Amino acid sequence: MSETHRKAVWLKDYTPPAFVVDAAKINFILGEEVVEVHTELQVRRNPAVSLGSGGFFLDGKDLALRCLKMDGRRVAPHGFTVDQHGLRIHGVPDRFTLETVVAIRPQDNTALEGLYRSGAMFCTQCEPEGFRRITFFPDRPDVLTRFTTTITADLDRYPVLLSNGNPVSTETLPQGRHRVVWQDPFPKPSYLFAMVAGDLAVEEDFYVTRSGRQVQLRIYLEKHNRGRGKHALGALKKAMRWDEEVYGLEYDLDLYMIVAADDFNMGAMENKGLNIFNSKYVLADSDMATDADFQAIEEVVAHEYFHNWTGNRVTCRDWFQLSLKEGLTVFRDQEFSADLVAMSLKRIHDVRLLRTVQFAEDSGPLAHPVRPESYQEINNFYTATVYEKGAEIVRMLRNLIGARGFRRGLDLYFERYDGQAVTIEDFLRSMEDAANIDLSQFRLWYSQSGTPKVVVSDSYDANRREYSLTLRQQCQPTPGQPEKRPLHIPVALALFDNTGGQIPLCLPGAPDPDLGPSTVVSLCQKEQTFRFGNVPCRPVPSLLRGFSAPVRLDYDYSDADLRFLMVHDSDAFNRWDAAQKLACRIILRCVDQLRTGADFALDPILSQAFTEVLDGDLGDKGLAAQMLMLPSENFLAEQQDCIDIDAICQARQKVRQALGGQLREALLARWQFCQGEDAVAFNFSPEDAGRRALKNTCLGYLAAQPCSDFWSWLADLYGQTSNMTDRLAILAIFAERESPESQAVLASFYDQSRHNSLVLDKWFAAQAAARNPSIIEKMRLLLSHRDFTLRNPNRVRSVLHSFARGNPGGFHAANGEGYHLVGEQVIQLDRINPQVAASLAGAFSAWQRYDRRRRLLMKAQLENIAAQQCLSSDLEEIVHRCLHQDMTPAQD
Ligand code: B3K
Ligand code: ZN
């Protein structure tokens, strides 16, 4: 057990703060070695809380206290206590001013929480509990304070000094120093505090709100990145317009700033008026960013912007409510992006993530409800469950009550709670009141973990022209939740006749029997049957259209049904899903063939179905590309109780090769067609991105079964590429094989990218994720490369996460070398950056689902990590949960 072991925090133990802080003045005196933080708090006893005797507690971590005064007088040594958690002042009046001076050392802060250095700049990350590393403060989201920030620094090194709100004064000081004061008029929790100091370039634009206010938009970036903020600025303006149009929400300050930092633990942070971003989600031009990067920038910029209302104006009472702001804001950014790109493509992208990452989380030892009940380290709960499943719940709710009811619910939510810290329950009550609906059963989605399975069976009675669908829901036990109650599961569906026509739906006996071409049925009990009348023939059902609920669907489609739906389903998402299902079952059949030693032969139905996609009317090339992409190994693994990863990797590869060979002509024709359509100048648009995706998907298949001069042709093609999307697609292909051409292409990419760390990350990631037979040696080389460092989270993710999460064949190498390599790095990384270490260690979480040999090897790594001295609380919690949650081991 490590020394840092902390007790769990429980939702049921929540108590409101005993004191509130009306105003805080934070004064940073920046030095190269030490930063002094002078803080002055106006504190008052919380009238809503009955008088306690515990004094006033302020969180604080790794702070050297230099001075403590109450109402202008030094507090005597017996008047306070300081320990590793914070500062307690004993015996305080009802209202007082508290002054502290602390010293911190940002240059030693490699955890990147609180105030730290990224390159030459100072920046902060306070959510969820970073502010306590800056100064003593009641660092909890339900204490809302008006902040005034003063920053004093060397003028030459740090000409740009930023904080939340508006600048109120600037002053030049003797000895080459200067001082800037910022004031944020909006009371906010400390997790939204931000401060930046550096020698930064700025790119500017402005936005006029619909009420006519002009808002200054500024992106600050390191000088060598000048000119790369344009796309992000454009995205910001689109997001501002969208939130006004769709939700009537306007920005509320005169200035909106985004700072791009190279060292950042996650994507970005929504600090009031001063977002701080991982530079990966700001910087873009065609030479450095792929279509996926352009898209991700739009999403993240919008997400952080949308937080201004869902998160900042109305914030969370405690961290158990995290999904209140995250699930809701992810839903909002998904809808924004869907409006910008094709709706179905966005949905495919989101569902793919949910089904691979969140479903896996929900079926393993780290499963937790969207509103968790307890945590040891809250940083470990910024998960796919809280974010992505949380967004799915909001989506179901919106679909249930309709867009207008949802809008009324949100309006009511803001009307009731603007400027407050509230709960998921408050949000749901606003929705109930506005839409006049009872959400008692629906609430279970927030408290019950695990992914429900909906098993569907059907029958057709030709005489009565009646088609019955029986839906049954079940959910496996999850940690701490052995029994599950039935959830309210909306299932969107349509029925198709054998010509591909949609059968009008009619539920005789229902209050409103005629339902039109598609409908949503509510599965609220364990089992329910829906009887559709007037059905002329046995239909093919299209179920869970648009992925109407985050569940696993189990219906016994025939291969022919799936091929039929790939062509005829009017729901583009389900057309794609049918393709995934068909490919998935063909690969899993191949897995069985491999197990029994039978010869492999690709079922012709898949090549026929894929030919139809390739030869079909390619109005939407992006969708065609998605349909042709085989399900990932991780997704395939999710379909097995005991994961046979060797067979999965082999089978997938065999299917890929067979398709590459059998469809060569069609693939080449499509590739040529798309290549021919390429414009000279790069443009990021859904059409262009879709075309590139299709083109590069075809290329990937051709490479799986190459013809004789393919590699020299591909190397030439690499030389002619004019954008990062195409360049990276070819690099990834070359990274999978050993050859002089591969070496040359990798070397050339490296030479061109070595001065741009984001591009260099791609070079690392392409190799770490490559299905290369000598991947372990490659990984060792990458880890000892002069450009590799554990101090930069993006670099760590590009090498270690790409390998552990994105290269199952390598990570699960039968001799355990992949595990060993990652285990070693987790231990080293924990001493530098616990948050990133903990997330990497999560790669071992599914250990109980593998064969006995791998189970033991993975477990040994977890135990070895657990046995280390001085484990961080973050890592300790993950490893402990992975080892000690009782899951049923897989039967192999
Ligand atoms: N709210 C931040 C996440 C903070 C994560 C801290 N470990 C970014 C976002 O979701 O918008
Ligand atoms: Zn967020």
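This report covers a zinc site and a helix pair in a predicted model. Local features need pLDDT of at least 70, side-chain atom pairs count only at pLDDT 80 or more, and totals for chains, interfaces and linings use all residues. Residues are numbered from 1 along each chain as written, chains are lettered from A and ligands numbered from 1 in written order, and side-chain values use heavy atoms, without hydrogens and water.

**Zinc site**

His303 (NE2), His307 (NE2) and Glu326 (OE) coordinate the zinc ion (ligand 2) at 1.9 to 2.0 Å. Donors are N, O and S atoms within 2.8 Å of the metal (3.2 Å for Na, K and Ca); water is not among the atoms, so sites may look incomplete. Their spacing along the chain is H-x3-H-x18-E. His303 and Glu326 lie 23 residues apart and link distant parts of the chain. Helices are DSSP runs (H or I, at least four residues), numbered from the N terminus.

| Residue | Helix | Relative accessible area |
|---|---|---|
| His303 | α2 (residues 291-306) | 7%, buried |
| Glu326 | α3 (residues 322-340) | 1%, buried |

Buried means under 20% relative accessible area (1.4 Å probe, protein chains only).

**Helix α9 and its partner**

Helix α9 (residues 572-596) has 25 residues and reaches 37 Å from first to last C-alpha, close to the expected 36 Å. That expected span is 1.5 Å times one less than the number of residues. Gly597, just after α9, takes a positive phi of about 75°.

In α9, Ile587, Cys590, Val591 and Leu594 meet residues of α13, including Ile648 and Val655. Contact means heavy atoms within 4.5 Å.

Definitions and conventions: Helix = DSSP H or I, 4+ residues; strand = E, 2+ residues; numbered from the N terminus. Buried < 20%, exposed > 50% of the residue type's maximum accessible area, 1.4 Å probe, protein only.
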